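Hi,

Here is the structure I said I would pass on. Have a look at it first, and then read my notes below.

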Amino acid sequence: MLTAEERRALEEIRRRRRRAKYQAIGFVAVCIVGGIPMNGRPIAMIPIALIAILIASGFFYNASVIQLVRLFRARCPRCANRFFGRQRGSRYAFGRTLWASRCLNCGLSFDDLSTAEAAPAISKSEA
Ligand SMILES: [Zn+2]
């Protein structure tokens, strides 16, 4: 079972991860749009479009890097170790991934958010 504090912190980590993913996708999308040919040249070769593409891609790139740094530093609400990185001294000390859906140290999972939500509904129907 999740405590209210664990739930809040876990939702925040999940929200940040989702935001970082969309910002990275936004960066790639802006780069693809910049490469679309228009009148035989990429859109990015048009000066005003180049400025807009540079501003938009710079925004998405910086925002996603900031989000990723925050994610790597995020602490697990249960074990207080890094959520996406293994504890120092463990056999897999350099194992880090942002694709993990659970804490690499204690196993607290994003799936626990949905199962913990379902649990009170079951107990109410039984009562
Ligand atoms: Zn943990």
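A80 sits in the loop between α2 (47–73) and α3 (111–126). Keep in mind that this is a predicted model. The phi of A80 is near 70°, which is a positive value in a residue other than glycine. A80 counts as exposed, because it has 11 C-beta neighbours inside 10 Å and the cut-off for exposed is 12 or fewer.

N39 turned up with a similar note. Its place is the loop between β1 (37–38) and β2 (41–42), and its phi, near 55°, is again positive in a residue other than glycine. N39 is exposed too, with 7 other C-beta atoms within 10 Å.

Stepping back to the whole chain: there are three helices and two strands, and along the sequence they come in the pattern α-β-β-α-α. Of the 127 residues in the chain, 14% are buried. Among contacts with a separation of 6 or more, 57% are between residues 24 or more positions apart.

Now the two helices I spent my time on. α1 (4–34) has 31 residues, which should span 45 Å at 1.5 Å a residue, and its end C-alpha atoms are indeed 45 Å apart. α2 has 27 residues and reaches 39 Å from its first C-alpha to its last, close to the 39 Å expected at 1.5 Å a residue.

How do α1 and α2 lie relative to each other, roughly parallel or roughly antiparallel? Their axes come within 8 Å and cross at roughly 155°. Angles over 145 degrees count as roughly antiparallel, so that is what α1 and α2 are. The crossing is left-handed. On the α1 side the contact is made by R16, R17, R19, A20, Q23, A24, G26, F27, V30, C31 and G34. On the α2 side it is made by I53, A56, S57, F60, Y61, A63, S64, Q67, L68, R70 and L71. Sorted by class, this contact has twelve nonpolar, six polar and four charged residues.

When you look at the spacing in those lists, remember that an α-helix has 3.6 residues a turn, so residues three or four places apart point the same way.

As for what is buried, α1 has L10, I13, R17, A20, F27 and V30, while α2 has F60, S64 and Q67. What covers the buried residues of α2 includes α1. R17, A20, F27 and V30 are buried in α1 and also take part in the contact with α2. F60, S64 and Q67 are buried in α2 and are likewise part of that contact.

V30 is a handy residue to click on if you want to see the packing. It belongs to helix α1, and it counts as buried because it has 21 C-beta neighbours inside 10 Å, where the cut-off is 20 or more. Which residues does V30 touch, leaving aside its neighbours within four places in sequence? Its contacts are I53, A56, S57 and F60, and each of these is on the α2 side of the helix contact. V30 and I55 are 25 residues apart in sequence, and their C-alpha atoms are 9.9 Å apart in space.

That's what I have for now.

Cheers

Note on methods
Residues are numbered from 1 along each chain as its sequence is written. This is a predicted model: local features need pLDDT of at least 70, side-chain atom pairs count only at pLDDT 80 or more; totals for chains, interfaces and linings use all residues. Helices (H or I, at least four residues) and strands (E, at least two) are DSSP runs, numbered from the N terminus. The expected span of a helix is 1.5 Å times one less than its number of residues. Two residues are in contact if their C-beta atoms, placed from the backbone, lie within 7 Å. Axes are lines fitted to C-alpha atoms, for helices over the stretch in contact, and angles run from 0 to 180 degrees between N-to-C directions. Angles under 35 degrees count as roughly parallel, over 145 as roughly antiparallel, 65 to 115 as roughly perpendicular and the rest as oblique. A crossing is left-handed if the near helix is turned anticlockwise from the far one by less than a right angle, and right-handed if clockwise. Ala, Val, Leu, Ile, Met, Phe, Trp, Tyr, Cys and Pro count as nonpolar, Asp, Glu, Lys and Arg as charged, and the others, Gly among them, as polar.
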